[in-house]
Every structure is written in structure tokens, then in C-alpha cells.
Amino acid sequence: MGKYILKRLFSLIPIIIGISIIVFLIIHLVPGDPASIILGNNATPEAIKALNAKLGLDKPLIVQYFDWVVHLIQGNFGTSVQTDQSVLPTLINKFLVTFQLTLLSVLIGWIIAIPLGILSAVKANSVVDFILRIISMLGISIPNFAIGTLLLLILSVYFGWYPPIDYVNFWDDPISALKIFILPAITMGIVLSAGIMRMTRTSFIETLNKDFIRTARAKGNPEGTVIVGHGLRNSMIPIITIGGMQIGYLLGGAVIVEQLFSIPGIGQYILNGIYHRDFPVVQGGVLFISLIFVFVNLIVDIIYCWIDPRIKY
Amino acid sequence: MNSLLKVEDLKVQIKKNKDVTTIIKDINFSINPGETLGVVGESGCGKSITSLAIMRLLDKNAQVTGKIQFESHDILRMTQKEFRHVRGNHISLIFQEPMTSLNPLHKIGKQISEPVIRHLKMSKSDAKERTIELLNAVGIPRPNEIYNEYPYQLSGGMRQRIVIAMAMACNPRLIIADEPTTALDVTIQAQILKLLKKIAKENGTSILFITHDLGVVAEMCDRVIVMYAGQIVEEADVRTIFKQPKHPYTKGLLSSMPNMEKEYEVLDTIEGSVPMFNEMPTGCRYASRCKLAQDICFNREPDLIKANSDHKARCYFA
């Protein structure tokens, strides 16, 4: 297992190089000169030229790329053009916020989805299954901002409850932090649970038709043991796959939900960077998110091995 | 002698949408303690359905009627909870497909000790001891290592031994073996049959042995039931079945077996095919393929007629 993880970590190197090239090119090939946007419409050509020189944008692309990479390796993601703050520490801070939100969303999503998905599979083609499938279809179809807005509306109009606006760190004040996070987490949890529920249902129906489930029954196990003890682990691979993708995606920042609930997460940070052509922020942010995504995938692969001993790489 | 298992008028119907199809009917037989009863017939004749009905493992859309008396209880009238104490404990099942009937993600040891812990209420360490003992009994080499291995690390024959060890785990009074050797190659088949015979003899376990292979029947069974199209067509002890078969279908089956004594031989076949379950004829179900068939055969269904004390056949000309 250790050897496998090491091998996988090494194989990340070309992926990371590829990502860095793509990220760099996207930012630099986008039309619009950063210096003129930063300085505004009334900037003199001299001022623009000076800023370009300061940012290193007057050098050839390839030199700029290598400068950037060398700095990255030193742990220097550059400084924000807008705020003059170092990008990496800010990214990490914002990421921790997003991370907490993701964790809570996934927790809520899975707690709803897995039992309901199992129920749906066990009662396949019954009325219960039918209703659950309609609900999950709705969950997939309704965009998350609609669910979020609806939640906010219902709570504020009918219950007079507003989530706090000012963000506090979970470790400083867990209760207030939970108050802030709970609504966006429920919003995203609902969206997540719809996908997970459908996958759980499909995967379980397939597993429950397997011969070894009949064997488990023939041993005299109660139905609960048959389903959870013998069925669950055998159904987990597709569920983990979808779940891993969802987590990777959420860690990249659910921009709309963060915006809606004013959560200062990584999505909001990068979005701001894009508005202001703050290219060190965008470049660093996108790279950071890509790394997180790749890393989550690695963890998912490791979980595969742990779930199913037949999977060998 | 009191029989261990007594099946009376067993009938299984499958409901699909609004159609009800009768899969097996008029199934009557009994198994005595220590006896091995063979059930023979071609695929789709209802052998496996019979075994699954006894284990109550049929899908929910199957309606089972009749009586399945095990010792002093009717299995079909037990609650789920009551029957769980019988299943895997007093009656156990060996499946046809060792490749798929083991849980791929549980270690061998866990799978065998599961019924031991559940039914015999053994502690984990006692259960492990018992499991190793079982692995030894079914002839698994290196039982201590195999205990911690997964099914995918074992060959088909080994896996079938594991399935047998699982079935023996609680010293059941009845083992239902549903084509236990069909998926295995011939040399392994012989080993597995020998093993089952040994178990039956040493523990006095009754076996309901389901197979389509008459050679295996001759090897294993005391008495034989021949099934055709969801019915029992002949029942006799194994010697009589081979020496004096009464039913034309049994005769057909026997003459389609290769014979080592004849030098050049074209194997007999039975012309035609089994009628579909939803279009069963009103008369004898075998009539359309039978060379002896007369008008009466097509018009009225024959009963299972006693030829002598323990030989019955469902034929007017038996």
C-alpha cells in the first residue's frame, strides 16, 4: 500500500506540470491587458508600461512561465495585485473556510442519501421507491442557488431567522460558525444527496441480486445484516466515486452558494480575482484547486483498495 | 421411521404483472434421517425452485403453497424470525456457483464463522477454532492462512469446499446441495462428491442432492426423484431407477447416457422440448415427446401411481 501511494504521488508530477501550463496559458491568452484594467481608463501609457514591467508582464511568455514555476516551487504564489497580500496564505485561509463548508455539506448529504438510497433499492419499484426517485430527480434538477434562496426565504419570512452575515472561525466560536454554515451546507447537502441517492439505489439493486446475498440469507442472517453487513461494502465503489468527485468539486469552492450566503471561501476569492484581472490570485487559485482535486482523487483511489482487496494497481 | 423432511403438495406460482404461472406442483416427497435423496431433471424442470422453496429463498413474487414439514414444524408457517433459526443452522444450502456465492469482500474465516457465531452463540475465539476445524474437515491446506484470505485468492474447487464448510458449520440435519459440482471440472467433482459422502456418513446428515447428472446420482444417492416440467414423474430407490425405470422420460434420460460397454454408439436423444410453463398441456406433460403416448395421455393428466411399495411413476403405462 505504501509503495502504491508513493507511486501515485510520483505520477502526480507530470499532471501538476500539465495543469500549471494550462492554467498559465489560460490567464495569459485571455484578452484584456491586466495593467490597463488595474489602472483604469485614464491611465497614461507610461504608467501602464511601468506596471507591466513591475509585474514582469513585458517579458516573453516562456520566461514569465518559468519565473512563476520557480516561485511556486519556493512556495511563493505571488502577491495579489489588488491587495498586495501574499496569495498562498490567503488561499489557505479561504480554503479552510471552504473545507469546513464542504465537510458539513458532505456529512449532511451522505446522511440523507445513503439510508434513503438503500431504502429505495430494497423497496425497488414500490410506491416508496417511486416517491424517493421523484425527490432525488428534483434535487438534481433544481439549481443550488434556487434551493438556497428558497431556504433563506422560508426561514426569514416565516420564522424570522437570518443567518449571521459576519464570518467567524469554527475554532473560535463553534456555535456561531455552525449558524453561518448550516444553511449553505444544507443547500449543498440536498444537491449532493440527490446524486448519491440515485447511485446508492442503482448500486444496491445490483448488489442485492448477487448470489452471495442469497448465501447470506441462507446462513440465517436477519435482513438488516444481509443488507448492511453484506451489501453495503459491495455497493460502495460507485458511491465513493461519485462522492469523491463531488467533494473535489466542492473543495474548489461552490461559488454561487458562497456568494449567496456570503461565505468568504476560496470560490469567492478567485471570482474576485477574475473580476479584477488579479492574475497571481487566479493563477495560484486555479492551480491550488486543481491540486486539491488531484489529491482527492488519490484518496479515493486509496479508499478503493481498502474497500475491495481485489483492486490492485 | 419418522422422516426428517416431508414435502406435501408443494406448489410454487410466480406472479408477474397479473399473470400467475405455476412453476412446480404436486411435489410430494420425504427424506429420512441420514438419507441422500437425489432430484434429477433437465434445466428448468423446477429442481432449484423446489430447493429454494424449502429454504424460503424465492423472490417475493413467488407464492408457495402446500406443506414443508421439517421435524415437527411446517416451514411455510413459521415466522421469518423462527425460520432464521432453522436456516443455516438445521438446514443449510450448498449453491451451484462457488465463484459467486461467496462474499468477495469478506475474509474466508469471517464467512465460515458467521453462522457459527449466530446460531451456536460461540465466542469469537471458539468460532475461529471451529472454523479452522471445518477447513481441515473439508480438506483445505494451510487452514490458518486461508482463514485470512479472500475468495478471489482461491480456485473454484477450493471455494466450493469453503461453501461446504459453511454449510456444515452448525452440524445441520439437512444439507440441500443444488448442483454442487456442476461448475467444477471432473477431477474436482469426484473429490467434492467424496467429501459430501463422508460428511453425510460421519454426521448422519441427510442430503437433498439436486443434479442433472445421472452418473452423480448413481454415485451419491439412496433414493431418486425424477422431475419433468415442474412435476415429479418417477420416484424409486437408486438401484431400481437404473435397473427398472418405469417412466418413459426416465428411460429416455438413461438411454441418453454414454455407456462404456458398447463400442460404437450414437447417443439417444429425447425428441422435442419441454413445454413452456404458461402453456402446459391438459394431459400428461411428457405426452408430446413420448413414443408410447395414446389418446388418454393427451386428455387426462396421470397421477403419480404406485408400481410397488416404494416405486412410483406418473404414467398410465408404467
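Trainee: What makes Val127(A) and Phe130(A) on helix H6(A) exposed rather than buried?

Mentor: In this predicted model, Val127(A) and Phe130(A) lie on the other side of H6(A) and are exposed; the word denotes over 50% relative accessible area, buried under 20%, partly exposed in between (1.4 Å probe, protein chains only). Local features require pLDDT of at least 70, side-chain values use heavy atoms without hydrogens or water, and residues are numbered from 1 along each chain.

Trainee: Which residues of H6(A) are buried, and why are they said to be on the same side?

Mentor: Asp129(A), Leu132(A), Ser136(A) and Gly139(A) are buried. They cover an arc of only 85 degrees around the axis, taken from the directions from the helix axis to the C-beta atoms, and therefore lie on the same side of H6(A). Their cover includes helices H5 (87–122) and H8 (174–208) of chain A.

Trainee: How do you know that the span of H6(A) agrees with its number of residues?

Mentor: The expected span is 1.5 Å times one less than the number of residues. For the 15 residues 127–141 of chain A this gives 21 Å, and the end C-alpha atoms are 21 Å apart, so the two agree.

Trainee: Why are strands E9 and E10 of chain B called paired?

Mentor: Pairing requires at least two bridges found by DSSP; E9(B) (residues 223–228) and E10(B) have six, in the antiparallel sense, so they qualify. One bridge partner of E9(B) residue Val224(B) is Ala236(B) in E10(B).

Trainee: What makes E10(B) mostly covered?

Mentor: Six of the seven residues of E10(B) (231–237) are buried.

Key. Chains are lettered from A and ligands numbered from 1 in the order in which they are written. This is a predicted model: local features need pLDDT of at least 70, side-chain atom pairs count only at pLDDT 80 or more; totals for chains, interfaces and linings use all residues. Helices (H or I, at least four residues) and strands (E, at least two) are DSSP runs, numbered from the N terminus. Contact means heavy atoms within 4.5 Å.
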